[in-house]
Amino acid sequence: MTQIRYSATTHVGLKRKVNEDSILALPDQRIWVVADGMGGHEGGDFASQSVVDSVAMIDPNLAPVELLQAQRESLNSAHELIQSESRSRGGITIGSTVVTFAIAGGHFAAFWAGDSRLYRLQRDSNIEMLTTDHSVVADFVIAGEMSWDEAESHPQSNAITRAIGVSEVLELDKIRGQTFPGDRFLLCSDGLTKYATFDILEKILANEHIETVAETLQQIALNGGGADNISIIVIDIL
């Protein structure tokens, strides 16, 4: 079985009163999740917590081929629960971004909705962003009008186009691939990527030990202003 190590952290930041992010680390089941809630008045933290709670209920004894479908079903369950909560609060918008990551049989699989991201740093290689934000500014990046780093400072950088609990039908994107010894994966909310460019992420991920890398990245976001909640999970493939 593939050997792994990981570190994880979540922080309210310096401007918010409530941490509306939630993270989940289930190393025995090889599943990790970052969810970034929105809605205010306890709506955002309810939404993100609903996401991680639902994924945490996945049967740990599932075969690898069943794990992917179980992830999708758990996210759909969270979607329905958040929508029900929204209706009970008079129809206010409550939702959460999500990025999940699971390892089985030398492969990884990830689902995402919104602008929480998954990156990979391969041994002796450059960092690559494996997800594509579901956001207004992502369309500008895809059209070649700006870089992902430039998009972070755009006035509409927070305008996401997909989230769990918001639309009538949940739309998820998925990516699958092989894992190799020396791979390092990063899951994070936009509270980090507002302050950490690709170059910064690559430098830290290439040089920091697993025990300290998540906290080092978190400190970069806090030093930059910490205007949002910050959630980070780093996973090493040994």
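This note comments on the overall form of the chain, its surface and charges, and one of its helices.

1. The model is a predicted one, and the points below should be read on that footing. Its chain contains 7 helices and 10 strands, and the C-alpha trace extends over about 50 × 45 × 35 Å when taken along its principal axes.

2. For a chain of 238 residues, a compact globule would be expected to have a radius of gyration near 18 Å, and the 17 Å found for this chain agrees with that. Where contacts link residues at least 6 apart in sequence, 69% of them join residues at least 24 apart.

3. As to burial and surface, 50% of the 238 residues count as buried, while the chain exposes about 10900 Å², of which carbon and sulfur atoms supply 47%.

4. The chain carries 17 positive and 33 negative charges, and the mean positions of these two sets lie 2 Å apart.

5. Helix α6, which covers residues 198–207, has F198, L201, I204 and L205 as its buried residues. Viewed down the axis of α6, these buried residues fall within an arc of 140 degrees, and therefore they line one face of the helix. The general background is that an α-helix has 3.6 residues a turn, so residues three or four places apart point the same way.

6. On the face of α6 that is turned away from the buried side, the exposed residues are D199, K203, A206 and N207; for a reader checking the assignment, buried here means under 20% relative accessible area and exposed means over 50%.

Notes: Residues numbered from 1 in each chain as written. Predicted model: local features only at pLDDT ≥ 70, side-chain atom pairs only at ≥ 80, totals over all residues. Heavy atoms only, no water. Helix = DSSP H or I, 4+ residues; strand = E, 2+ residues; numbered from the N terminus. Rg over C-alpha atoms; globule rule 2.2 N^0.38 Å. Buried < 20%, exposed > 50% of the residue type's maximum accessible area, 1.4 Å probe, protein only. Contact = heavy atoms within 4.5 Å. Areas by Shrake-Rupley, 256 points an atom, 1.4 Å probe, with all protein chains shown as cover. Lys, Arg positive; Asp, Glu negative; His and termini not counted. Charge placed at Lys NZ, Arg CZ, Asp CG, Glu CD. Arc of directions from axis to C-beta.
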